Amino acid sequence: NVCPHRGMKVSTLDAGNTQAHLCIYHGWAFKPNGDFIGAPAEKECMHGKIRTKAELGLQKARVAVYGGLIFATWNIDGPSFDEFLGDAKWYYDMLWCRTTKGMEVLGPPQRFMIRANWKTACEQGASDGFHAVTLHRWLAEVCPYAKKPSTEGAGEDLTPEMYGVEVWTDHGHTMRCIDQNRKIRRLTGKDPSKMTVEEKLTVLPPPGLTPEMVPDLFKNLSKEQLAVLASSPPQVGNFFPNGLFEFIYLPMADGKVMGAMALHAYVPMGPEKLMFMNWILAEKDTPPEVKAQMLRVSCQLLGTSGMVEQD
Ligand code: FES
Ligand SMILES: [Fe+2]
């Protein structure tokens, strides 16, 4: 998104459609695919005679679409996107490719600047789960989020919430897969050891899904994936290096939980500055009233307005 003339940002928008991208500085125009159309004062050859028009297009990234997300790289001859995902794809599919219709964003992304090197945020994104016990300790202490004294790991102890499996691949992708059986016991009072995979997924559906949407999972995931989804699903993880995602249960004032699905991107803005972008997501099939609740609880706890993220 850099004009080959004198480096102006060409498109200032995040979304939309256009026949031509027009640079605001001197008016050079580019096709949607980045090819150079021309400059004003065509007859006088304002774009110069040093380079041909074919050489004056925007620099093109190699892109791949996965789960409705667009990934891009400047490494045109590098590994394929599938190679880049590697073994992590098997787990990612449980989150990003689990429903037939797929996901949508609940509005434009939130953005804020952080005075830090982007790699520090990425390290946290590579599955630092244990900070929650200390940094987000208030989640167990403060109303309306305080844990009920009668529950397992009662009161102020968040440690049992951390029980789970850490998955990582050679490419640097990581995921925290958190014990679902414990959650089922705690949140529904039922005994998961006597339940089938389908019963477990229905009694406490993955974040963002309703019980009615569970049969759709069986159309999109393998038996083995469904078994993991019902016992230790990936809940927080990263796309190496700078994408972090959360498919989590957030507490509500009435003691129930609401699913939240969010994607963060840590965009380098210089050696000491990063832009934190936060998209709040929902499955397209999720009922509108559930989407509205997901959006509200996500804004309360995540992103620019979120109490967890303020920590
Ligand atoms: S910088 Fe874009 S037209 Fe000059
Ligand atoms: Fe955190």
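Which side chains meet in a salt bridge at 2.8 Å, N to O? In this predicted model, the partners are Glu 42 and Lys 53. The two sit eleven residues apart, and both belong to the loop between β3 (36–38) and β4. Neither end is fully out in the open: Glu 42 comes out as partly exposed at 41% relative accessibility, and Lys 53 is partly exposed too, at 31%.

That loop has more to offer. Next door to Glu 42, Lys 43 pairs up with Glu 44 in another salt bridge, with the closest N and O atoms 3.9 Å apart. Here both partners are exposed, Lys 43 at 77% relative accessibility and Glu 44 at 56%. The backbone does something unusual here as well. Most residues other than glycine have a negative phi, and most peptide bonds are trans. Ala 41, however, has a positive phi, near 55°, and Cys 45 has one near 60°. Ala 41 is found in the loop between β3 and β4, and Cys 45 lies there too. Ala 41 is partly exposed, with a relative accessible area of 42%.

Just past the loop comes strand β4, residues 62–66, which carries Val 63. At a relative accessible area of 53%, Val 63 is exposed. Together with Val 65 and Ile 70, Val 63 makes up a nonpolar patch on the surface, and the three share about 330 Å² of accessible area.

Stepping back to the whole chain, there are eleven helices and 13 strands. The C-alpha atoms fill a box of roughly 80 × 40 × 40 Å along the principal axes. Of the 311 residues, 42% are buried. The chain exposes about 16800 Å², with carbon and sulfur atoms supplying 57% of that area. Among contacts with a separation of 6 or more, 53% come from residues 24 or more positions apart.

What holds the inside together, in terms of nonpolar contacts, can be read from the cores. The largest nonpolar core has 34 residues, and Tyr 92, Trp 96, Phe 239 and Phe 245 have the most contacts inside it. A second, separate core has eleven residues, including Met 94, Leu 201, Leu 209 and Leu 221. Phe 245 gives a good feel for the neighbourhood in the largest core: leaving aside residues up to four places away in sequence, its contacts include Tyr 92, Leu 95, Trp 96, Met 175, Phe 239, Ala 262 and Leu 263. Gln 235, Val 236, Gly 237 and Asn 238 are also among the residues that Phe 245 touches.

Between β10 (234–239) and β11 (243–251) runs the loop that holds Pro 241. The peptide bond from Phe 240 to Pro 241 is cis, with omega near 0°.

Helix α9, residues 223–231, has Gln 225, Leu 226, Val 228, Leu 229 and Ala 230 buried. Its buried residues are covered by elements that include α2 (88–96), α6 (180–188), α7 and α8. The loop between α7 (197–203) and α8 (214–220) contains Thr 210. Despite being a loop residue, Thr 210 counts as buried, at 11% relative accessibility. Beyond residues up to four places away in sequence, Thr 210 touches Pro 205, Pro 287 and Val 290.

Back to charges: the count of salt bridges in the model comes to eleven. One of them joins Glu 166 to Arg 176, with the closest N and O atoms 3.0 Å apart. This pair ties two strands, with Glu 166 in β8 (residues 164–168) and Arg 176 in β9 (residues 174–178), ten residues apart. The two ends sit in unlike surroundings: Arg 176 is buried at 7% relative accessibility, whereas Glu 166 is partly exposed at 34%.

Finally, a word on the cysteines. A disulfide is a covalent bond between the sulfur atoms of two cysteines. How many disulfides does the structure hold? The count is zero. Cys 3 is buried at 4% relative accessibility, and Cys 23 is likewise buried at 4%.

How values were computed. Residues are numbered from 1 along each chain as its sequence is written. Chains are lettered from A and ligands numbered from 1 in the order in which they are written. This is a predicted model: local features need pLDDT of at least 70, side-chain atom pairs count only at pLDDT 80 or more; totals for chains, interfaces and linings use all residues. Side-chain values use heavy atoms; hydrogens and water are left out. Patches are made of residues with over 30% relative accessible area and no salt bridge: like charges are joined within 9 Å, nonpolar side chains (Val, Leu, Ile, Met, Phe, Trp, Tyr) within 5 Å. Accessible areas come from the Shrake-Rupley method with a 1.4 Å probe; for residues, only the protein chains shown count as cover. A salt bridge is a side-chain nitrogen of Lys or Arg within 4 Å of a carboxyl oxygen of Asp or Glu. Helices (H or I, at least four residues) and strands (E, at least two) are DSSP runs, numbered from the N terminus. Buried means under 20% relative accessible area, exposed over 50%, partly exposed in between (1.4 Å probe, protein chains only). A disulfide is a pair of cysteine sulfur atoms within 2.5 Å. A nonpolar core is a set of buried Ala, Val, Leu, Ile, Met, Phe, Trp, Tyr and Cys residues joined through side-chain atoms within 4.5 Å. Contact means heavy atoms within 4.5 Å.
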